[in-house]
Amino acid sequence: MSHDPNCLFCKIVAGQIPSRKVYEDEHILAFHDIHPWAPVHILLIPKQHLSSLAEATDAHAEVLGRMTVLAPKLMRELGVTNGFRTVINTGADGGQEVYHLHMHVMGGPRPWAKG
Ligand code: 5GP
Ligand code: ZN
């Protein structure tokens, strides 16, 4: 399904819910997470609805590859110079809350670091 009318992130893609956009092209949208876990915390999503990484097929390989390559570029543009973390939560036990695949990209000093 390319657009799910009940999906939060499809609504963001459609402009029905506002977001702080960082990047947009034909296939990908990047925007700031509303509850950041890090000084810079953005979400990269395919514009076409895909509920989770568990549902990905070969047809999604290109957009997932492009998202991965885009992450360091966007972090550089946002002033992150000392590394970043990428996370894709998948399914209930993976901690996924929004069922439209998204890559968390978090940079800046490490609030998640132990000790
Ligand atoms: P998940 O747990 O599914 O990997 O992460 C979902 C992420 O989406 C969370 O980090 C949450 O803060 C973010 N989020 C949830 N609703 C919204 C929203 O309406 N706008 C934005 N920008 N982020 C959201
Ligand atoms: Zn969606």
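**The nonpolar core, helix 2 and the ligand shell**

In this predicted model, the largest nonpolar core holds 20 residues. Those with the most contacts inside this core are Ile42, Leu43, Leu44, Ala71, Met103 and Val105. Five elements each supply at least two residues of the core: helix 1 (8–13), helix 2 (61–77), strand 2 (28–32), strand 3 (40–46) and strand 5 (103–107). In soluble globular proteins, nonpolar side chains tend to be buried together.

Met103 shows how these parts meet. Neighbours within four places in sequence are left aside here. Met103 is then in contact with Leu43 and Leu44, with Met67 and Ala71, and with Thr86 and Ile88.

Helix 2 was examined in more detail. Its buried residues are Val63, Met67, Ala71 and Met75. Their cover includes strand 2, strand 3, strand 4 (84–87) and strand 5. The helix has 17 residues. At 1.5 Å a residue, helix 2 should therefore span 24 Å. The C-alpha atoms at its ends are 25 Å apart, which agrees. Helix 2 also carries a kink of about 30 degrees at Leu70. This kink lies shortly before the proline Pro72. Gly79 follows helix 2, and its phi is positive, near 85 degrees.

The surroundings of ligand 1 were considered next. Ligand 1 is surrounded by 13 residues. The closest are Ile34, His35, Asn89, Glu97 and Val98. By type, the shell divides into 5 nonpolar, 6 polar and 2 charged residues.

Technical notes
Residues numbered from 1 in each chain as written. Chains lettered and ligands numbered in written order. Predicted model: local features only at pLDDT ≥ 70, side-chain atom pairs only at ≥ 80, totals over all residues. Near = placed C-beta within 6 Å. Nonpolar A, V, L, I, M, F, W, Y, C, P; charged D, E, K, R; others polar. Core = buried A, V, L, I, M, F, W, Y, C linked by C-beta atoms within 7 Å. Buried ≥ 20, exposed ≤ 12 C-beta atoms within 10 Å, placed from the backbone. Helix = DSSP H or I, 4+ residues; strand = E, 2+ residues; numbered from the N terminus. Contact = placed C-beta atoms within 7 Å. Expected span 1.5 Å × (residues − 1). Bend = angle between axes of the 7 residues up to and from the residue.
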